[in-house]
Amino acid sequence: MTLSSIELTISHMNNNLLRMGFLVETQLKRALRALIEKDMKLAEQIIKEDVQINDLMREIEDEAIRLIATQGPVASDLRNIFTIIKIVTDLERMGDHAKDIAKITLQNQEILTDLINEELDVLGKLVMKFISASLDSFVAKDREKSLELTAMDDEIDTLTKEGILKLYERAEQDPLRLRLAGELQFVLKYLERNGDHATNICEWTVYIVTGQFKELN
């Protein structure tokens, strides 16, 4: 395999990584819609379609193993391959969190998201924007952009804490709402964790550009 062929394989892995990112964003958006609209069929569909994300992850991992085992890529290519695998792992976990939100919808059909509908909408949109922007910065190998983006994680953390406080303030007078508030707290925390995974993508982007790993948050 020539050097250009190695680069072509890595390019193919990158394309599959972006496909994973698109699926994760779609799953997350649909999971929040299913929760708010109490759409059980959509929640079931989200859980079933999580396999698409897992299949892409395995395809990328298998391609990476074959490339390393048979072609002996140079150090810079190895760093690229290693980074892709790390990001793919983060994307797979994001998909799991979307699935987790769908499971909460199925298990709590009486859930009252009106307690924090506005907070869910704002936080969800911010998280999806962060995921998309972090992947864009990785594709562009934009170190400066990745460093700037991590400020969004601070905002996500703040919104999560504020959302949890508001949730329990609004639910404290009603035992049923208080129980369901615990489930909605999980939803907020899943969104926050996806922000952490997007931060990881930014960290790996900095690593691939500089060769040095630096925790950004």
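Modeller: A residue is called buried when its relative accessible area is under 20%, exposed when that area is over 50%, and partly exposed in between. The model discussed here is predicted.

Biologist: Why is Glu 192 called buried?

Modeller: The relative accessible area of Glu 192 is 10%. The limit for a buried residue is under 20%, so Glu 192 is classed as buried.

Biologist: What makes the meeting of Glu 192 and Lys 189 a salt bridge?

Modeller: The term requires a side-chain nitrogen of Lys or Arg within 4 Å of a carboxyl oxygen of Asp or Glu. Between the side chains of Glu 192 and Lys 189 the N to O distance is 2.5 Å, so the pair satisfies the criterion. Both residues belong to helix 7 and stand three residues apart, which means a separation of about one helical turn. Lys 189, with 28% relative accessibility, is partly exposed, because its value falls between the limits of 20% and 50%.

Biologist: Helix 7 also holds Gly 195. Is Gly 195 buried or exposed?

Modeller: Gly 195 is buried, because its relative accessibility is 0% and the limit is under 20%. Residues up to four places away in sequence aside, Gly 195 touches Val 127, Phe 130, Asp 153 and Ile 156.

Biologist: How do you know that Asn 14 counts as buried?

Modeller: The relative accessibility of Asn 14 is 16%, and this value is under 20%, so the residue is classed as buried. Asn 14 lies in helix 1 (residues 3-37). When neighbours within four places in sequence are left aside, Asn 14 is in contact with Ile 84 and Phe 138.

Biologist: Why is helix 4 called roughly antiparallel to helix 6?

Modeller: Helix 4 (residues 117-140) packs against helix 6 (residues 151-171) at an angle of about 160°, and their axes are 10 Å apart. Angles over 145 degrees count as roughly antiparallel, so helix 4 is given that description relative to helix 6. The crossing of the two helices is left-handed.

Biologist: Which residues of helix 4 and helix 6 make the contact?

Modeller: Helix 4 contributes residues including Val 122, Leu 126 and Phe 130, and those of helix 6 include Ile 156, Leu 159 and Gly 163. By class, the residues of this contact are eight nonpolar, two polar and six charged.

Biologist: How many salt bridges are found in the whole structure, and what makes the pair Asp 50 and Lys 99 one of them?

Modeller: The search finds nine salt bridges. The side chains of Asp 50 and Lys 99 meet at 3.4 Å, N to O, and the pair qualifies because the criterion is a distance within 4 Å. Asp 50 lies in helix 2 (residues 40-71) and Lys 99 in helix 3 (residues 75-107), so the salt bridge ties together parts that are 49 residues apart in sequence. Asp 50 and Lys 99 are both buried. A network of salt bridges links Asp 50, Asp 96 and Lys 99.

Biologist: Why are Arg 58 and Asp 55 called partly exposed?

Modeller: Arg 58 has 40% relative accessibility and Asp 55 has 38%. The class covers what lies between 20% and 50%, so Arg 58 and Asp 55 are partly exposed. Their side chains meet in a salt bridge of 2.6 Å, N to O. Both lie in helix 2, three residues apart, about one turn of the helix.

Note on methods. Residues are numbered from 1 along each chain as its sequence is written. This is a predicted model: local features need pLDDT of at least 70, side-chain atom pairs count only at pLDDT 80 or more; totals for chains, interfaces and linings use all residues. Side-chain values use heavy atoms; hydrogens and water are left out. Axes are lines fitted to C-alpha atoms, for helices over the stretch in contact, and angles run from 0 to 180 degrees between N-to-C directions. Helices (H or I, at least four residues) and strands (E, at least two) are DSSP runs, numbered from the N terminus. Angles under 35 degrees count as roughly parallel, over 145 as roughly antiparallel, 65 to 115 as roughly perpendicular and the rest as oblique. A crossing is left-handed if the near helix is turned anticlockwise from the far one by less than a right angle, and right-handed if clockwise. Contact means heavy atoms within 4.5 Å. Ala, Val, Leu, Ile, Met, Phe, Trp, Tyr, Cys and Pro count as nonpolar, Asp, Glu, Lys and Arg as charged, and the others, Gly among them, as polar. Buried means under 20% relative accessible area, exposed over 50%, partly exposed in between (1.4 Å probe, protein chains only).
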